[in-house]
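Grab a pencil and work through these exercises with the structure open beside you. Each one sets a task, and a step-by-step solution follows.

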Amino acid sequence: MNKKVLIVLALMAVLLSGCVEKEAIKVGGLFALTGKWATGGVTEANFVRIAIDEINAAGGVNGQKLELVLEDDKCTGPDSVTAANKLIFQDNVKVILGPSCTPASLPVAPIANENKVFMMAATTTAKGAFDKFEYAFRTSPPATDAALFIGKVAAEKYGLKNVAIITAETEFGQSWSDEFAKSFIAKGGNIVLKESYPAETTDFKTIISKVAAKDVDGVFVSGQAPQDSGIVLKQMKELGLLDKVRIIGNPTTIDLEVNRISGNALPAGAFTVVAYADNPQLLQKYVNRFNEQPGFQFFYTAAMYDATYMLRDALLVCGENSECIKDYFTNLRDWQGTVAKWSFNAFGDPVLAEDAYREVRIVNNEKVYDIIS
Amino acid sequence: MAIASQLILNGIIAGAIYSLVASGFSLIYSVTKVMHFAHGAVLAFAAYLFYTFAVLSGLNFWFAILLTLICSSFAGALMNWFIYRQLRRRKASSAVLLIASIALMTLLNAVVLAVWGADVKTVPVFNPVFDFLGARITFVQVVIIVVSVFLLLFLWWLMKYTKLGKAIRAVADNKDVAMTVGINPERIYTYTFMIGSFLAGVAGVLIGIEQNLYPQMGISLVIKGFTGAVIGSLASVPGSVLGSMILGLVENIGIWWLPSGYKDAIAFVLLFIFLLFRPSGLLGVRVREA
């Protein structure tokens with residue numbers, strides 16, 4: 001008798017506990033927690049953490065908490081594929097925030113697509129990255145959009161005529177340098193020399209000597225990460241090239257981390273064009289939580305905060321039905337976030353307003369944003 | 001003229017950096033016959049130790065270097081005691097020793113990553129730039145060249161004129177014969193790993209200052225050092241330094257005409273040429289196997 005009562009009570013306890021606490025929704029997080037892109041990847045993951053904590057504190061999604069299952073993509077193809085397979089087949093996630101960068105995102109998109117797992121990549125700017133994969137979206141506008149403005153500013157504002165390109169041999173580095181070259185040539189400029197290097201290179205002195213031997217008034221540096229861009233600029237300074245040319249860069253080059261690594265080599269005139277976000281409250285939340293500034297361009301990393309909230313709204317509508325989530329994002333228009341008003345095109349790319357872009361320079365170790373006229 | 005001298009100087013600087021790595025690698029190989037790829041990881045470990053002592057702890061610069069070199073030497077000894085000696089006792093083949101060295105490299109890289117994190121570390125030093133025959137060179141780069149030449153001379157003196165050097169050479173030539181005259185090969189192996197890792201420590205400090213610190217910094221360096229050693233002679237320290245200098249010059253002069261993306265390709269084409277046509281290297285002695 002007593003044994004039966006105990007069993008019934010135990011079963012009731014299990015059932016009741018189920019009523020109180022619904023099973024959490026697993027959200028895969030694929031970010032570079034180590035490796036060359038850790039500066040950006042950790043920041044992206046941190047913005048997701050902030051958003052998930054806020055969402056859970058506010059009751060979650062229809063009473064279900066969000067559980068972040070974080071994996072390290074190291075910003076490399078092989079590592080991101082391994083981590084994505086683990087998230088999809090072992091953890092059974094239906095949604096992934098990340099991967100953290102172009103080299104990691106490109107090979108994961110077909111895997112997510114084939115398995116009908118929704119993914120929202122972070123700093124992924126290669127042109128046409130997800131055109132063939134309907135389940136793959138990204139928060140970063142493609143390099144084409146910002147590079148168009150970089151070419152315009154270089155030619156029209158600074159009157160540059162002859163530019164050399166030093167670019168990392170990666171999808172990210174090449175797409176920025178290619179798109180810059182197109183827009184600069186369209187504005188009447190010339191690309192005098194293009195030199196590329198494997199991303200792990202640390203000796204750029206002969207590349208810089210080749211550039212110095214040409215009659216150039218500008219150099220476009222398209223590094224893969226602050227690490228390589230920083231050493232390029234450090235060695236440019238040592239060889240005296242920074243005094244003679246204007247430095248143009250992709251967003252990983254004109255950055256505070258690059259300035260630190262290069263020993264404050266970034267000249268005040270060096271510029272890039274980035275999607276711009278002005279949200280001191282969100283910035284403060286980050287500083288309060290992690291006791292440091294975000295590690296990379298604010299828009300690109302903080303966009304993952306908005307992505308997490310957009311995903312929450314999609315989960316509210318769709319549950320964990322990834323096909324429905326994919327359609328939700330495809331049809332999303334003017335969703336007001338903290339760093340942008342979000343809409344997505346048919347290829348999973350964000351469509352930002354033209355005035356979302358700013359010229360950015362590093363002056364006295366601080367970022368200065370200028371409106372592009 | 002200025003361009004030519006800059007190119008040659010770039011090549012010499014690169015060669016000096018490679019030779020800092022190659023000399024220790026080649027010393028260890030010539031005596032112990034271990035392809036010690038973890039040498040690159042010891043270099044990275046030493047660079048991070050130096051960063052910890054000099055930047056984080058604020059110790060005196062020279063004292064920080066001394067501590068780093070002591071620690072890196074003992075790291076080499078520990079690797080020998082705990083890994084390679086155990087494998088030698090089990091009569092491990094050279095393939096097993098090679099795999100162990102790669103595993104050690106991966107392990108040590110992971111430890112560096114876990115302890116110091118992934119972000120790039122810098123060691124700020126006073127580093128003025130000089131003009132030399134129309135080319136530009138920094139103070140740190142001058143130090144790298146001078147130190148690599150000094151270490152070569154030091155090793156030559158050590159091997160040629162000291163009792164330890166003679167014992168090392170005896171073990172390198174024939175371990176069994178060396179034992180008959182009372183030399184303990186295991187002790188010599190330990191000393192060799194300590195000297196080799198001391199050289200890795202010197203390389204770590206200088207390259208860390210020159211090229212910044214990141215956890216994987218030793219991997220590409222040990223590959224280039226290995227390439228330089230094969231060109232000069234894996235079994236000869238002067239050969240490995242000569243090979244490294246040639247590698248640095250050929251790479252840098254080569255990419256003046258070729259796209260710079262071919263830099264590594266130039267190095268490996270050179271490696272294949274030597275492996276195919278002169279596997280013993282420029283200063284190596286051809287040995288006919290019985």
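**Exercise 1.** Find which residues form one aromatic cluster with A:Phe118 in this predicted model.

*Solution.* Start at A:Phe118 and add A:Phe137, A:Phe299 and A:Tyr300. Then bring in A:Tyr328, A:Phe329, A:Trp342 and A:Phe344, and the cluster is written out.

**Exercise 2.** Over all chains, count the aromatic pairs, then classify A:Phe299 with A:Tyr300 and A:Tyr305 with A:Tyr309 as stacked, tilted or edge-to-face.

*Solution.* Step one: the count over all chains comes to 29 aromatic pairs. Step two: the ring centres of A:Phe299 and A:Tyr300 are 5.5 Å apart, with 85 degrees between the planes. Planes over 60 degrees apart count as edge-to-face, and that's the label for A:Phe299 and A:Tyr300. Step three: A:Tyr305 and A:Tyr309 sit 5.2 Å centre to centre with 55 degrees between the planes, a tilted pair.

**Exercise 3.** Are A:Tyr305 and A:Tyr309 buried or exposed, and in which helix do they both lie?

*Solution.* Check burial to begin with: A:Tyr305 is buried, and A:Tyr309 is too. Now place them: both belong to helix α11 of chain A, residues 298-318. They're 4 residues apart there, about one turn of the helix. While you're at it, look at A:Phe299 and A:Tyr300, which are both buried as well.

**Exercise 4.** Identify the ring that the charged end of A:Arg138 sits over, and do likewise for A:Lys326.

*Solution.* For A:Arg138, the ring is that of A:Phe130, with the charged end 5.6 Å from the ring centre. For A:Lys326, go to A:Tyr135: here the distance to the ring centre is 5.2 Å.

**Exercise 5.** Sketch the open sheet of chain A, and work out which strands stand at its edges.

*Solution.* Draw 5 strands in the order β2-β1-β3-β4-β5, paired in parallel. β2 (66-72) and β5 (136-138) each have a single partner strand, so each has one side without a neighbour in the sheet. Give the drawing some twist: neighbouring strands are turned by 25 degrees against each other on average, direction ignored. Next, join β1 (residues 25-31) to β2 with 7 bridges, and put A:Gly29 opposite A:Leu70 of β2.

**Exercise 6.** Add helices α11 and α12 of chain A to your sketch.

*Solution.* Lay α11 across β1, β2, β3 (95-97) and β4 (118-121), at about 165 degrees to β3. Then pack α12 (residues 322-330) on the sheet, touching β3, β4 and β5. Point α12 so that its direction makes about 40 degrees with that of β4.

Definitions and conventions. Residues numbered from 1 in each chain as written. Chains lettered and ligands numbered in written order. Predicted model: local features only at pLDDT ≥ 70, side-chain atom pairs only at ≥ 80, totals over all residues. Heavy atoms only, no water. Phe/Tyr/Trp six-rings, centres within 6.5 Å; stacked < 30°, edge-to-face > 60°. Buried < 20%, exposed > 50% of the residue type's maximum accessible area, 1.4 Å probe, protein only. Helix = DSSP H or I, 4+ residues; strand = E, 2+ residues; numbered from the N terminus. Lys NZ or Arg CZ within 6 Å of the ring centre and 35° of its normal. Pairing = 2+ DSSP bridges. Contact = heavy atoms within 4.5 Å. Axes fitted to C-alpha atoms, helices over the stretch in contact; angles between N-to-C directions.
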